[in-house]
Amino acid sequence: MTIRTFIAAATTATALMATAASAADCAIDVEDAFDLEAAQIDEIYACLNDAMVEGYAKEGDEIGSNFRSWTATATRPAVAGPHGNRLLNTFANDIAAEQYLKFEEEGVKMPVGSILAKESISLSIKKKKARVGPLFLMTKMEEGSIPETADWLYAGIQPNGKVMKVKQSFCHDCHSSYSDQDMLGYPLEEVRVSN
């Protein structure tokens, strides 16, 4: 391979990677994530939809590949504040859906085997871009199996499909403020699916 052929190949590869990276970004034009209107959020979600589906499933993770077939808990993503002011959209597996969709604030006890998958979209106000964030996961384990997290196992999948290394206490320290709700945060009331 000549140096000229090598440079041409490298330039082409770089251009293709840049195109793929920019395809995974969507433009936003607000000064504060909380200023996004419903139509703007819908636009961002539509822009990143395919990248989310492909990215989370890329490494073949069963949840990352299938969570979209679960019950949607909101009518659209919303900025709720936790998780770094990202747009969030939660799905509940069949075991979790009935209890979770009650959105109760006291006396909640999720059944063992409940899994919640929370899509996230990272918003960079400075760069005026939105991009796919991690898929955050919560799984309710057998009673007494993880007492320090009220039997919740926290996990995540990166936008490239790789499993995240998650420090359990990092997630649980925030979720423990919802102790009456079995550590569950809910979508904003305005976007909750009615049960």
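**Exercise 1.** In this predicted model, find how many residues the largest nonpolar core has and which of them have the most contacts inside it.

*Solution.* Start with the count: the largest nonpolar core holds 26 residues. Next, look for its best-connected members, which are Ile44, Leu48, Phe67, Leu87, Ile121, Leu123 and Ala130. Now turn to the elements: those giving two or more residues to this core are α2 (38-57), β4 (87-92), β5, β6 (129-132) and β7 (135-140). Of these, α2 gives the most, with six residues. Finally, check elsewhere: another core, of 16 residues, lies apart from this one, and Ala97, Cys171, Met183 and Tyr186 are among its residues.

**Exercise 2.** Locate Glu119 in its strand, and decide whether Glu119 is buried or exposed.

*Solution.* First, the strand: Glu119 sits in β5, which covers residues 115-124. Then the accessibility: Glu119 has a relative accessibility of 1%. The cut-off for buried is under 20%, so Glu119 counts as buried.

**Exercise 3.** Work out which side chains make polar contacts with the side chain of Glu119.

*Solution.* Begin with the wider surroundings. Beyond the neighbours within four places in sequence, Glu119 is in contact with several residues, including Tyr45, Phe67, Arg68, Leu87, Asn89 and Pro134. Now narrow this to polar pairs between side chains. Tyr45 is one partner, joined to Glu119 by a polar contact of 2.6 Å. Arg68 is another, with its side chain in a 2.6 Å polar contact with that of Glu119. To finish, compare sequence and space for the Arg68 pair: Glu119 and Arg68 are 51 residues apart in sequence, while their C-alpha atoms are 9.7 Å apart.

How values were computed:
Residues numbered from 1 in each chain as written. Predicted model: local features only at pLDDT ≥ 70, side-chain atom pairs only at ≥ 80, totals over all residues. Heavy atoms only, no water. Helix = DSSP H or I, 4+ residues; strand = E, 2+ residues; numbered from the N terminus. Buried < 20%, exposed > 50% of the residue type's maximum accessible area, 1.4 Å probe, protein only. Contact = heavy atoms within 4.5 Å. Polar contact = N/O pair within 3.5 Å; in protein donor to acceptor, adjacent residues only side chain to side chain. Core = buried A, V, L, I, M, F, W, Y, C linked by side-chain atoms within 4.5 Å.
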